[in-house]
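Colleague: I keep reading words like "buried" and "antiparallel" and would like to see where they come from. Could we go through them together?

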Amino acid sequence: MPTKNYYAILGLRRDATAEEIKRAYRKLARELHPDVNPDAEAQQRFRDVSAAYEVLSDPAKREIVDLGGDPLAPRGGGSPGQPFTMGFQDIMDAFFGGGGAGGARVPRSRRRPGDDALIRLDFDLAEAAFGVSREFTVDTAVTCTQCMGAGTAPNTDPVSCQACGGRGEVQSVQRSFLGQVMTARPCTNCGGFGTVIPHPCSGCGGEGRVRSRRTVTVKVPAGVEDGMRIRLTGQGEVGAGGGPPGDLYVEVHERPHEFFTREAEDLHCELTLPMTAAALGTSTSLTTLDGEEQLDISAGVQAGTVITLRARGVPRLRSSTRGDLHVHINVATPTRLDAEQEALLRRLAILRDEERPEAAVRSNGLFSRLWGSR
């Protein structure tokens, strides 16, 4: 049985598709990446998730898992008392003579692709609406400037591994139900690279990369929404051995606005009017994303009325059109009246025959039916 349940690590069923595997990995990587979550436990989970994705995204390695093996486990004779696990490639070698001179595995390259990185940046509503160019600093792995990714000290080079003769693998004979089986496994002395670095670079310790803070510029297009991600190709982590960098993803976080709330491309705001202004009508100044505008209020406007200002919302992403601004009208009823004000309102109530207004209540509920049957 495998030492790790790679499907469980990614929260997947054993019949998961390649797309489901990729989607599960991206979701977990965004949550656990060291740039986002520096917690030690999260970093260990990130390594486990990355290992699980490496295995399950590779059809050959996934087949080994499905057959009960573990392609990432150290493979050798094993210590006393531990069962010998034969990988899928070892079984194929045993039946078809692999591992010989004609079928020797190619040593692993020290140059490996880098990982993607993720950073979240805060933006104001206006910045998200109209776009902005922003500089920020990011801490990622970059190519070591002392060895330029080679991992070796100046004027030195990797040397062929004496344990495997530069092949990156060692052969051994195992007893199994098939009899004596010759298998080939990655060399533990050189890690399968076929070479060792006797004089590693003092700057990177042989990794070919170091961590460094650097300044990056991101151009945010007009109309982005909260949670969207902008991909900066080649701005992520540089790979080991000077390998190509991954990508850097900038996640947009839109700060709440003091007056406006946003729904996709539309904006909403509330405007509270005095009772007299609502009754008589008025004109008032309204602050929009485009500046101050005059808003005409018709006489007799009711609370709950929505006035729509066309094309005063947020520009649509990759489009020349804009959403609308919806102004929701509230009417404020005065609560503290002096004697003169109260007298005027009472006079108005008499003139409008509203001294004892009848409540216009309509209901088809249970209580109305019971009251009508009495």
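Modeller: Here is how such words are earned in this model. It is a predicted model, where local features need pLDDT of at least 70 and side-chain atom pairs count only at pLDDT 80 or more, while totals for chains, interfaces and linings use all residues. Residues are numbered from 1 along each chain as its sequence is written, and side-chain values use heavy atoms, with hydrogens and water left out.

Colleague: Fine. How many helices and strands does the protein have?

Modeller: Nine helices and 15 strands. Both are DSSP runs numbered from the N terminus: H or I over at least four residues for a helix, E over at least two for a strand.

Colleague: What makes H33 count as buried or exposed?

Modeller: Its relative accessible area. Buried means under 20%, exposed over 50% and partly exposed in between, using a 1.4 Å probe and protein chains only. H33 has 6%, so H33 is buried. You'll find H33 in the loop between α2 (18–32) and α3 (40–56). Across the whole protein of 374 residues, 32% are buried.

Colleague: Which residues is H33 in contact with, leaving aside its neighbours within four places in sequence?

Modeller: F46, D116, A117 and E237. Contact means heavy atoms within 4.5 Å. As another distance, the C-alpha atoms of H33 and Q44 are 10.0 Å apart, with their positions 11 residues apart along the chain.

Colleague: Now N155. Why does N155 get the label it has, buried or exposed?

Modeller: N155 comes out at 83% relative accessible area, so N155 is exposed. Its place is the loop between β2 (132–143) and β3 (159–160). N155 also has a positive phi, about 65°, although it is not a glycine.

Colleague: And what about A264: which class does A264 fall into?

Modeller: The value for A264 is 35%, so A264 is partly exposed. A264 sits in the loop between β10 (261–263) and β11 (266–274). Its phi is positive too, near 60°, in a residue other than glycine.

Colleague: How do you know which class R47 belongs to?

Modeller: Same kind of check. R47 has a relative accessible area of 48%, so R47 is partly exposed. R47 is in helix α3. From R47 to A29 the C-alpha distance is 9.4 Å, and the two are 18 residues apart in sequence.

Colleague: How do you know the class of L337?

Modeller: Relative accessibility again: at 37%, L337 counts as partly exposed. L337 lies in the loop between β15 (325–332) and α8 (339–351). Leaving aside neighbours within four places in sequence, L337 is in contact with E342 and L345.

Colleague: On to helix pairs. How are two packed helices described?

Modeller: By the angle between their axes and the distance between the axes. Here an axis is a line fitted to C-alpha atoms, for helices over the stretch in contact, and angles run from 0 to 180 degrees between N-to-C directions.

Colleague: At what angle do the axes of α2 and α3 cross, and what is that called?

Modeller: The axes come within 10 Å and cross at roughly 160°. That makes α2 roughly antiparallel to α3. The cut-offs are under 35 degrees for roughly parallel, over 145 for roughly antiparallel, 65 to 115 for roughly perpendicular, and oblique for the rest.

Colleague: Which residues make that contact?

Modeller: From α2 they are I21, K22, Y25, L28, A29 and L32, and from α3 they are A42, R45, F46, V49, S50, Y53 and L56. By type, 10 are nonpolar, one is polar and two are charged. Ala, Val, Leu, Ile, Met, Phe, Trp, Tyr, Cys and Pro count as nonpolar, Asp, Glu, Lys and Arg as charged, and the others, Gly among them, as polar.

Colleague: And what is the relation between α3 and α4 called?

Modeller: The angle between α3 and helix α4 (residues 59–66) is about 100°, with the axes 6 Å apart. So α3 and α4 are roughly perpendicular to each other. E54, V55 and L56 of α3 meet K61, R62 and V65 of α4. These residues divide into three nonpolar, no polar and three charged.
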